[in-house]
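Reader: Could you take me on a close look at the inside of this one? I'd like to hear about the largest cavity and what lines it.

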Amino acid sequence: MTELFHKGPKLLIVNLRNRMISSHIFLAILCVAGCSSDLWTQEMTLELDPANTKVEFTLPDVLHTVHGTFAMKSGLIHFNPSNGSASGSVLVDVKSGQSGNSTRDLKMHKEILQSEEYPDATFTPTKMSGPFSPQGSSEIQVDGTFRIHGSDHPITLVIPLQISGSSANLKTQLVIPYVQWGMKNPSTFILRVSDKVDLDIAASGHLIQDPQSADGKVH
């Protein structure tokens with residue numbers, strides 16, 4: 001009994017200290033949860049780097065498959081994971097298109113793309129959906145309008161997204177039914193090519209979180 005009497009104050013101090021530690025841990029958890037919640041209500045901006053972005057096209061024909069590239073001029077996408085809003089634009093330089101064959105490229109620009117008259121292709125996002133994570137891997141769906149050859153076309157892109165710190169990497173694919181969209185089919189009696197062209201896009205950029213837009217508004 002005497003030993004317990006002497007240990008009583010020590011036990012009381014230990015219990016108080018443990019309770020204080022538990023309280024601090026609980027407050028820290030609440031703070032982290034609150035910060036994570038704030039991330040979901042903030043508008044974010046994804047700025048793509050043209051120098052680290054590849055836009056590759058593939059056009060099958062009966063003899064062999066034609067591969068080529070386009071250059072991206074700029075890419076700036078604003079989005080809010082909490083309400084799915086999206087805006088901004090991705091601008092591709094149509095005149096930069098090349099397939100490694102100057103004769104073929106001249107015909108492509110003059111007769112099909114008519115790039116002197118329509119020098120740019122633009123994707124304008126309007127909505128995003130799917131589980132988004134501000135760090136690590138996500139796969140989101142982005143709806144928007146793709147403008148090429150002077151006409152607008154609604155499209156939906158599935159985008160695997162990898163974020164590490166403020167760095168972001170993404171990939172997506174798009175099938176363009178260019179004949180259906182009003183462009184000429186270059187097929188001849190001898191040479192037959194597909195009426196669709198595949199685009200593969202791999203881009204890198206930076207993710208910026210805007211604390212001024214926690215109200216979910218898109219600017």
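Author: Let's settle the word first: on a 1 Å grid over the protein atoms alone, a cavity is a set of points where a 1.4 Å probe fits but cannot get out, and lining residues have an atom within 4 Å of a point. This is a predicted model, where local features need pLDDT of at least 70, side-chain atom pairs count only at pLDDT 80 or more, and totals for chains, interfaces and linings use all residues. Residues are numbered from 1 along each chain as its sequence is written, and side-chain values use heavy atoms, with hydrogens and water left out.

Searching the whole structure turns up 1 cavity of 30 Å³ or more. The space in the largest cavity comes to about 140 Å³; a volume here is the space filled by probe spheres set on the points, with grid points joined across faces, edges and corners.

Now the walls. 14 residues line the largest cavity, and Leu46, Ile77, Phe79, Ile140 and Val142 are the ones nearest its centre. Strands (DSSP runs of E, at least two residues, numbered from the N terminus) feature here: S3 (65-80), S5 (120-129), S6 (136-148), S7 (151-164) and S8 (167-176) each chip in at least two lining residues. The top contributor is S7, with 3 residues.

As for chemistry, the lining has 14 nonpolar residues, no polar and no charged ones. Nonpolar covers Ala, Val, Leu, Ile, Met, Phe, Trp, Tyr, Cys and Pro; Asp, Glu, Lys and Arg count as charged, and the others, Gly among them, as polar.

Terms used. On a 1 Å grid over the protein atoms alone, a cavity is a set of points where a 1.4 Å probe fits but cannot get out, and a pocket is an open set with protein on both sides within 12 Å along at least five of seven lines; lining residues have an atom within 4 Å of a point. Helices (H or I, at least four residues) and strands (E, at least two) are DSSP runs, numbered from the N terminus.
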